[in-house]
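Work through the exercises below with the sequence and the model open beside you. Each task is followed by a solution that goes step by step.

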Amino acid sequence: MYARCGNLVKAQEIFDSLLEKNLVSWTTIIGGYRMHGQGETAVQLFDEMIRCSIRPDGTVFATVLSACSHARLTDVGLAYFDAMKMDYGLNPGPEHYSCVVDLLGRAGRLDDAEKFIKTMPMKPDGAVWGSLLGACKIHKNVELAELAFDRVIELEPTNIGYYVLLPNLYTEVKNTDGILRIRVMMREKSLARIRVGDHNYPQTEEIYAMLERLDDLVNDSHVNKRNGERRGDDVSGLAIAKDWLLRLRCKPI
């Protein structure tokens, strides 16, 4: 309870006071540090658990792999993944593969992450492709992001978060046509069944944020036009954007 609430000092005190520490208590304290961004401490505790002859299971491996990812401990995380199979005879599940994809992706090793996905003994799930998509956004790899996006929406077609994540990347690289492609896709799939002004629908804030970014991108283009910086290949995309923005004022998204 204390670990989940962020009171790690109290959680550590209670953990240290335990006369007998089992796998559950170790997993809980490791997960608490992982949850609150202290990945290195989580790794230290995991190693201490091993030295105490506590045999890890798949749950604590997923926890420590996630901790490695957020702490950028790439090589340590990869070693844990190998140890999971070779030293403890555990079969990694999709959640472990997702952690490793995130681990490689955050380190900028996007090609390795894609190759790793291809080695999976099971079909990659949405979390795996979503991890790759998120990493591509961080490192601005549009081509691979589009591949990951196409895969993830096949598996999770109603997860609006992915329809927000890719436009974020498009906005950063000023790809107006890419943003509009996602907009058209959202409309065709009827993913966001809200009208402008309705703030009760789940994930409405993210949808409005994307609309605002599209507005900003179009407005920025007008500033560039006045400054003589607008490129010819932007004209068609911006014209479509203006049309869509006008329609969105009175139609469902």
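**Exercise 1: The surroundings of a serine**

Leaving out neighbours within four places in sequence, Ser 98 is in contact with Ala 127, Val 128 and Ser 131. The model in which this is seen is a predicted one.

Task: Find where Ser 98 lies, decide whether Ser 98 is buried or exposed, and find which backbone atom the side chain of Ser 98 reaches.

Solution. Begin with the position in the chain, where Ser 98 turns out to belong to helix α7, which runs over residues 94-106. Next comes the accessibility: the relative accessible area of Ser 98 is 10%, and because buried means under 20%, Ser 98 counts as buried. Finally, follow the side chain of Ser 98, which reaches the backbone oxygen of Ala 127 at a distance of 3.3 Å.

**Exercise 2: Helix α9**

Task: Compare the expected and the modelled span of helix α9, then state which residues of α9 are buried and what covers them.

Solution. Helix α9 takes in the 14 residues 126-139, which at 1.5 Å a residue should span 20 Å, and the C-alpha atoms at its ends are indeed 20 Å apart, so the two values agree. The buried residues of α9 are Gly 126, Val 128, Trp 129, Gly 130, Ser 131, Leu 132, Leu 133, Ala 135 and Cys 136. Among the elements that cover these buried residues are α7, α8 (110-118), α10 and α11. Both ends of α9 also deserve a look: at its start, a side-chain oxygen of Asp 125 comes to within 3.2 Å of the backbone nitrogen of Ala 127, while just after the helix Lys 140 takes a positive phi of about 60 degrees.

**Exercise 3: A residue in the core**

Task: Identify which residues touch the most other members of the largest nonpolar core, and list what Leu 132 is in contact with beyond its neighbours within four places in sequence.

Solution. The largest nonpolar core holds 57 residues, and the members that touch the most others are Leu 132 and Phe 149. For Leu 132, once the neighbours within four places in sequence are set aside, the contacts are Val 101, Leu 110, Ala 113, Ile 117, Leu 144 and Ala 148.

**Exercise 4: The two sides of helix α10**

Task: Determine which residues of α10 are buried, which are exposed on the other side, and which residue caps its N-terminal end.

Solution. List the buried residues of α10, namely Leu 144, Ala 145, Ala 148, Phe 149, Val 152 and Ile 153. These residues cover an arc of only 155 degrees around the axis, and therefore they lie on the same side of α10. On the other side of the helix, Glu 143 and Glu 154 are exposed. The N-terminal end of α10 is capped by Asn 141, of which a side-chain oxygen lies 3.0 Å from the backbone nitrogen of Leu 144.

**Exercise 5: Positive phi in loops**

Task: For Ser 53 and Lys 174, state what the value of phi is and where each residue lies.

Solution. Start from the general expectation that most residues other than glycine have a negative phi. Ser 53, which is not a glycine, has a positive phi near 65 degrees; this residue sits in the loop between α4 (39-51) and α5 (58-70), and at 67% relative accessibility it counts as exposed. Lys 174, also not a glycine, has a positive phi of about 60 degrees; its place is in the loop between α11 and α12 (176-189), and with a relative accessibility of 56% Lys 174 counts as exposed.

**Exercise 6: The whole chain and its confidence**

Task: Describe the secondary structure of the chain, and find where pLDDT is under 50.

Solution. The chain has 14 helices and zero strands, and of its 253 residues 43% count as buried. Average pLDDT over the chain is 81, with 71% of the residues scoring at least 70. Over residues 190-198 the pLDDT stays under 50, although the model has 25 contacts beyond four places in sequence for this stretch. Residues 230-253 likewise have a pLDDT below 50, with 44 contacts in the model beyond near neighbours in sequence. Where pLDDT is low, the predicted coordinates should not be read in detail.

Key: Residues numbered from 1 in each chain as written. Predicted model: local features only at pLDDT ≥ 70, side-chain atom pairs only at ≥ 80, totals over all residues. Heavy atoms only, no water. Core = buried A, V, L, I, M, F, W, Y, C linked by side-chain atoms within 4.5 Å. Buried < 20%, exposed > 50% of the residue type's maximum accessible area, 1.4 Å probe, protein only. Contact = heavy atoms within 4.5 Å. Helix = DSSP H or I, 4+ residues; strand = E, 2+ residues; numbered from the N terminus. Arc of directions from axis to C-beta. Polar contact = N/O pair within 3.5 Å; in protein donor to acceptor, adjacent residues only side chain to side chain. pLDDT = per-residue confidence, 0-100. Expected span 1.5 Å × (residues − 1).
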